[in-house]
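Visitor: I'd like to know what the labels on this one rest on. Could you walk me through it?

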Amino acid sequence: MPDGSLDRLKREGRIVVVGASLAGLRAAETLRDKGFEGTLTMIGDEPYEPYDRPPLSKQVLLGKATAEHTALPRRREIDAEWRLGVPASGLDMAARRVKLADGDEVPYDRLMIATGVRARPWPNEAEAELDGVFVLRTRDDGAGLARRLDAGPKRVLVIGAGFTGSEIASACRERGLEVTVAERGDAPLVGALGGVIGAVAAEMHRENGVDLRTGVMVTRLEGGATGRVRAAHFSDGTTLECDVVVVSLGAQRNTEWLAGSGLGAGPRGIACDAGCRAFDVRGIVTDDVFVAGDVARSPHPLFGYQFLSLEHWGNAVAQAETAAHNMLSESSDRRPHIWVPAFWSSQFGVNIKSVGVPSMGTEIMITQGSRAERRFTGVYGYQGRVIGAVTFDNCRWLQFYEQQIEATAPFPPPFPTVDRRADGQRPIPADFPDPSVPTHGPTITLSGYSPADRRMTFTPAGH
Amino acid sequence: MAEGILKQILDYSNRANPYPLYEELRKTPVFHDGTGPYVISTYHDIQSLLHDPRLSSDAHNLTATAGDPLADDEGGGGGEEAALPPSFLKLDPPEHDRLRRMTNRPFGPPHSPHRIDGMRGDLHGIVSGLIDNLGDPGRIDLVDQFAYPFPVTMICRLLGVPREDEPRFHSWADTIAAGLDPDPDADPAERLRVTHDARMELGMYLAGLIEERRKNPQDDMLSELAAGHGQDDTMSTMELLSTSALLLIAGHETTVNLITNGMLTLLRHPDVLADLRENPELAVPLVEELLRYEPPVQLLPQRTPLVDIEVRGVTIPKGSSMWLVLASGNRDPDRFENPDRFDPYRKDIQHLGLGSGIHSCFGAPLARLEAQLALSELARRLENPRLIEDPPPYRQNAVLRGPRHLEITCDGIRP
């Protein structure tokens, strides 16, 4: 558009951001930073201003912070019209209008979709309705669960031992509550980090007094006369009395509102190019619809152009910034979103961080520290190169391994490092579960075909 | 120019302003003159090498020290000498991690999140007392009368040295610190003897204090370090001594320079000084900018690759001595806009002044608070302060760089 229309857009255009959370807010701030002076509308289904989620499964559950005080810090004024508490219900791409659930319609010149994900609910609706059954995703979820933990339940059952489930279990133990964790896979975190690291996580649970049950499913939740949950039944025939259940089975992408719009949106998210422009259902890239954050699915050059969909805090920020930049740029000035995935968690007093895509790894080598001490760095290898790394209480080395991933350095690393121990002399199989066997939703979903390698390496996990 | 540049950096005549030399050095990002150390001077290279697990801080891995003028220098706040086991500053994981973790337990989060903040009152009291006693406002030596006594008194409180012993402690600390800063005119054998004696006396004193704290624990760091926690979390007495010596030396040698460099810089930028007087909260970003602009630790002379490594196409052989010139990285125009400009209002300020990676400054939270409080109080209370001599006389030490004296004059001291 070298005809001045871009200048016009910047001066007097209309940009609508659907999704008023981390990605939406950072996108809006970046737009204003880049000199966008037109009308900016922020649409969010929750009644709250953008807030931060990581504290919800950590400080809030420990009673060290309240869910009401997790508002995201603002980088700058964004001078937006806020439409909070009203979900978007549809999109007319031809007329360039977003439909709202209250019947209103908002026209746009450029649209940013950052609707994120929601917690996967307990599949049995009646059981999910029982008093005492929670999911943890929103501010209200966090406040409600924290209140219930304050009341001192006799036993909490956490279903699913991914990162969120493990953090909830950790918080319960820190509060001195009895907690059972039921995990369909063989170990906690196994979907994201594999069985070698999962075994370490399992030890952490057990040493901290969690009743960890792996390889089982919860088949039924049972309520008492007052409609309050009182027990759970397991696939191994056992029953557990519990008065709080937290369903932690991963997330679902918020794309239903786009059904029939013609945009390439579905259960796996919204496919977009590396510049954050959404694809339509024909696989043709749009010029005016951009996506960012948990709901986006974009090809990553470093990982064989596979479409990565990342539920990572840092990805939401970086992708929003790139999308906003590209929204206001000529095609030749657009930038690709080539953020190296990075993730952190905090549980049982241990700081866990990862970079790259560990779940692509077939082998792992403990290059520093030791699993027994739970202070270590594990490096993941895929086809002879370093593809990911994880640290337990060892994160200050992570930057180095991130550079190794960026440089497609060889695996196993051919050099010695400080703190190399006996069990770090050679790689071992990383022990990821067979992707055809469902577990809870993993943190990273890999899907799609790469131009270089037409095999689909992983199918997304489902419940 | 590159020829002999390391010599020039160490040459005392360039102490007041080494920055043009660093600029020259950055033209050869991996500098090596054939026999000496490999010198790294750009921001991004230093930043990634500080996180590189192929680099060791343990001198045992050093095989090539020929031509390294700092090879025997204790540098970066060491100075514990062979009588004691090396402090965690000079160790690699896992020993480093174990000792640093144990030391951190009574010092910072997660176990002691309020230790430093809880000392605000103490800090304020010491700062006020020192300013009250500055005497003749017409001639103040800010180093001797303020910047030096302040952190030593602070370390005493932190460790739990009884008030009545503080003067003795100060005197040992002064002597040991002087040994780190060689005076080329003094008799080296005599200096060594005096320093060694002071170390012995300080060591004996600390050992006695530790013994006493084992019996009667107080709410101080020595008591908690002596008590130990958990099965593998106990320090031997020797480890405890070398750790306390490290805290003492590193904890005050650097803060003195941070405060003095800070006041010098403020006096050279009267507009910023005036702003600080009006807005004491400016002290927070101001100290960060100071750590970039005039870092107390100019370079880290003790890193050694465990294997041949390649930096910018240059192979640095295993066992070589490496210098990471933090102060040069902090003025790298590829990283900071107008790097030679002192600008406490800059937004992008990820400096290298406190290092990075596992050896990043242990005492940073305390050093920051000390400098913030000291500078904002000096700005508030000194009336119309001016430098008597610019540049002031510098200390000999090129690694722990700072003025030996900072003589100023002012019209009066506000209450």
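Guide: Here is a short tour of a sheet, a helix crossing and a core.

Guide: This is a predicted model, where local features need pLDDT of at least 70, side-chain atom pairs count only at pLDDT 80 or more, and totals for chains, interfaces and linings use all residues. Residues are numbered from 1 along each chain as its sequence is written, chains are lettered from A and ligands numbered from 1 in the order written, and side-chain values use heavy atoms, leaving out hydrogens and water.

Visitor: What makes β5 and β6 of chain A paired strands?

Guide: Strands (E, at least two residues) are DSSP runs numbered from the N terminus, and pairing takes at least two bridges found by DSSP. Three bridges join β5 (residues 97-100) to β6(A), so they pair, and they run antiparallel. One bridge links A:Arg97 with A:Pro107.

Visitor: Why do β4 and β6 of chain A stand at the edges?

Guide: The open sheet has the order β4-β5-β6 (chain A). β4 (88-92) and β6 (105-107) of chain A each have a single partner strand, so one side of each is left without a neighbour in the sheet.

Visitor: Which residues does B:Phe146 touch?

Guide: Contact means heavy atoms within 4.5 Å. Leaving aside residues up to four places away in sequence, B:Phe146 touches B:Val127, B:Leu130, B:Ile131, B:Asp141, B:Ile259, B:Ala374 and B:Leu378.

Visitor: How do you know which residues of α11(B) meet α15(B)?

Guide: By that contact rule, B:Met263 and B:Leu266 are among those in α11(B) that meet α15(B), where B:Ala371 and B:Leu378 are among the partners.

Notes. Helices (H or I, at least four residues) and strands (E, at least two) are DSSP runs, numbered from the N terminus.
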